[in-house]
Structures are given as structure tokens and as C-alpha cells.
Amino acid sequence: KLCSKKILKNVSFLFFVTSLFILILIFLPQVEDSVQDFIISYGLFGVFLIAFLADMLMQPIGPDIPLFIGIIFGLNPLHVLGLVLLASYLATFLGYYLGLKFGKDGFLKIYSEKKYLTLKHRYNKYNLIVPFAAFTPIPYVPICWISGVFRMNQIKFFLYALIPRTIRLSLVALFALGIL
């Protein structure tokens, strides 16, 4: 009986992830068009707002999209990069501090103690996940939250998060300018 519950749980999770992936593939072009329209309408404020929300909320686009669109549509590249970095830094700080504030108690309201301990063990074992998430397209938002939940050293967290994030977004800006 326990085995069948585990199988059902795994199948349900796989179905959810597959459905989410299909929805993202279907609706991502419309989302990108909406982001583009918002940036065209609101300029640098639009770039900042979309970049902040992209790094604060779990959704399919990252701050790369408003950065790239802002530069492609002729906004000052240094201003765009600076605002996207500022938005990303603010979202990183906020995500970390939300994790600190709600911590273990907040996590346990949603997940079990066993899940908490398993995740904590993995997080501590692979704490280089922070710079990896900051530099790659893997989900960065939950890593910031989890870093706060598990009370990662603040200086270490911000160095691990902000340096790779700065490099990544700077490379995207150079790519948008056609330099890379």
C-alpha cells in the first residue's frame, strides 16, 4: 500500500511537471510579447519592474528577457544593465530575507519534517547550488528562499549569488549588443 502511494505521488508529480512544461512552451511567446509591449510602453521603469518580478516570483522568464528586449529596442545599454542588476539584487535580498523570516516554520506549513531534513541535507552538501543557480537558467528564486530558510551565512550567500548573477547578466547584455 505504501509503495502504491509512492508510485501515485511520483506519477502525479511527473504529470504536473510535464503539464507545466507544455503550458510554458505554448504560452511563452505570448508572455514574451507582453513583456516586450510593457517595456516599449514604460521604458526603463518597465525593464526594472519586469526584471524584479522575474527574479522574485517563480515563473518561466528570468531577468535576461527584459534586459535583452530593453537593449534591442534601443534603451541605453548601461542604464538597462544597471537597472536589471539592481532589480535582481533587490529580489535576491528579499528572497533571502523572506526565507529567514518564515524559515523552518513556514517551510513546515507546506512540507513535512522529513522533506525539510532531506532538503537541508542536500542543500548543505551541495551549497555551490547558489552560484550555479545564479549563473544558469535553473530556478534561482527558490534557491534564494531556501538559502534564507537554512540560514546560510549572509556574506557567503550574497557573494555566491551576486557575483555570478552580475557576470551572467553582463554576458547577456554583451550578447544583445552583438559583442558576443
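Here are a few friendly notes on a nonpolar patch and two helices in this predicted model.

1. Start at the surface. F135, I155, L159, I163, I167, L171, L174, L177 and I179 make a nonpolar patch there, with an area of about 820 Å². Which helix gives the most to this patch? Helix α7, covering residues 154–176, does so with six residues.

2. Now pick out I167, one of the patch residues. I167 sits in helix α7. Is it buried, exposed or partly exposed? Its relative accessibility is 42%, so I167 counts as partly exposed, because that label covers values between 20% and 50%.

3. Next, look at A176, which also belongs to helix α7. A176 has a relative accessible area of 12% and is therefore buried, as the cut-off for that word is under 20%.

4. What does A176 touch? Leaving aside residues up to four places away in sequence, A176 is in contact with F68, I71 and I72. Take I72 from that list: along the chain, A176 and I72 are 104 residues apart, yet 6.4 Å separates their C-alpha atoms.

5. Finally, turn to helix α6, residues 141–149. Of its nine residues, eight are buried, so the rest of the structure largely encloses this helix. If you would like to find the buried ones yourself, look for V141, P142, I143, C144, I146, S147, G148 and V149. After α6 comes R151, which has a positive phi, near 55 degrees.

Terms used. Residues numbered from 1 in each chain as written. Predicted model: local features only at pLDDT ≥ 70, side-chain atom pairs only at ≥ 80, totals over all residues. Heavy atoms only, no water. Patch = residues over 30% accessible without salt bridge, like charges linked within 9 Å, V, L, I, M, F, W, Y side chains within 5 Å. Areas by Shrake-Rupley, 256 points an atom, 1.4 Å probe, with all protein chains shown as cover. Salt bridge = Lys/Arg side-chain N within 4 Å of Asp/Glu carboxyl O. Helix = DSSP H or I, 4+ residues; strand = E, 2+ residues; numbered from the N terminus. Buried < 20%, exposed > 50% of the residue type's maximum accessible area, 1.4 Å probe, protein only. Contact = heavy atoms within 4.5 Å.
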